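Biologist: Before I trust any label on this model, I'd like to hear what stands behind it. Can we go through the terms together?

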Amino acid sequence: MEQNNILTRPEVAERQLEILYKYFPNLDDNQKKQFDALYALYADWNAKINVISRKDIENLYLHHVLHSLGITGLLHFKAGSSVMDIGTGGGFPGIPLAILFPEVRFHLVDSIGKKIKVAQSVADSIGLKNVTSRHARGEEEKQLFDFVVSRAVMPLADLVKIVRKNIRKEQINALPNGLICLKGGELEHEVLPFRNQALTINLSESFEEEYFETKKVVYVPL
């Protein structure tokens with residue numbers, strides 16, 4: 001595993017890593033090493049490519065890693081599942097989820113080539129064997145998956161139109177296959193077309209930190 005010893009974590013990131021471990025106490029040693037390595041890797045890449053807001057890199061574990069893992073408040077993917085992360089950027093929520101669920105296949109897709117390069121490099125550096133990536137628009141990806149995940153990429157209705165073709169019919173999870181989005185703020189208008197199907201949960205029910213007060217997970221079965 002690649003380590004960057006030059007970029008030490010600031011205290012704020014160190015405290016956030018402890019918060020992560022508080023919510024996920026059953027991580028094995030390898031998963032902890034993988035999460036532990038993320039700060040140095042993203043800080044290094046961020047110095048070259050603006051993957052995460054430069055002002056926000058110290059908040060990597062709270063605003064990006066733990067936020068990504070908020071999906072577990074809705075569903076724990078079964079071993080053997082396949083998940084596409086559309087508009088992954090530098091690898092969120094896909095990479096944190098891939099660490100947490102090593103027996104689930106994650107396919108990261110983004111239309112910006114340099115961001116996909118970062119995501120795949122981070123995955124390779126921490127030894128993730130369950131991650132593939134593709135530089136493409138969501139419309140171009142034809143593979144089938146149990147779920148598509150996304151973090152605030154575009155309005156829900158637009159996303160549903162793009163990913164409906166990617167949802168496989170066979171079901172193995174506790175929820176029917178579909179789309180799971182991490183969203184923030186007021187979502188009533190966005191969810192309205194799916195009001196009879198969509199399920200919305202507040203991340204404040206899973207995480208007590210103030211950052212999550214307005215954060216939500218939206219699920220639409222497809």
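**What the labels rest on**

Biologist: Why is H107 called buried?

Modeller: H107 has a relative accessible area of 4%, and buried means under 20% (exposed is over 50%, partly exposed in between, with a 1.4 Å probe and protein chains only). So H107 counts as buried. Bear in mind that this is a predicted model, where local features need pLDDT of at least 70, side-chain atom pairs count only at pLDDT 80 or more, and totals for chains, interfaces and linings use all residues. Residues are numbered from 1 along each chain as its sequence is written, and side-chain values use heavy atoms, with hydrogens and water left out.

Biologist: Where is H107, and what makes its link to T132 a polar contact?

Modeller: H107 is in strand 2; strands are DSSP runs of E, at least two residues, and helices are runs of H or I, at least four, numbered from the N terminus. The side chains of H107 and T132 are joined at 2.7 Å. A polar contact is a pair of N or O atoms within 3.5 Å; within protein, one must be able to donate a hydrogen and the other to accept it, and residues adjacent in sequence count only if both atoms are side-chain atoms. The H107 pair therefore fits the term.

Biologist: What else does H107 touch?

Modeller: Leaving aside neighbours within four places in sequence, its contacts (heavy atoms within 4.5 Å) include M84, R134 and E141. E141 sits in the loop between strand 3 and strand 4 and is buried too, at 3%. The side chains of E141 and R134 make a polar contact of 3.4 Å.

Biologist: How do you know that strand 5 and strand 7 pair?

Modeller: Two strands pair if DSSP finds at least two bridges between them. Strand 5 (residues 178-184) and strand 7 (residues 215-221) have seven bridges, in the antiparallel sense, so they pair. One of the bridges puts I180 opposite Y219 in strand 7.

Biologist: And what is the strand order of the sheet?

Modeller: The order is 3-2-1-4-5-7-6, in an open sheet of seven strands with mixed pairing. Strand 3 (131-135) and strand 6 (199-202) are the edge strands, as each pairs on one side only.

Biologist: Which strands does helix 3 touch, and what makes helix 3 enclosed?

Modeller: Helix 3 (residues 60-69) packs on the sheet, touching strand 4 (147-151), strand 5 and strand 7. Its direction makes about 155° with that of strand 4; axes are lines fitted to C-alpha atoms, for helices over the stretch in contact, and angles run from 0 to 180 degrees between N-to-C directions. Ten of the ten residues of helix 3 are buried, so it is largely enclosed by the rest of the structure. Those buried residues also pack against helix 1 (11-23), helix 2 (29-46) and helix 4 (94-100).

Biologist: What makes a group of residues a nonpolar core?

Modeller: The term means a set of buried Ala, Val, Leu, Ile, Met, Phe, Trp, Tyr and Cys residues joined through side-chain atoms within 4.5 Å. The largest one has 58 residues, and L38, F77 and I95 have the most contacts inside it. Helix 2 gives the most to this core, with eight residues. Another core, of 19 residues, lies apart from it, with M84 and V220 among them.
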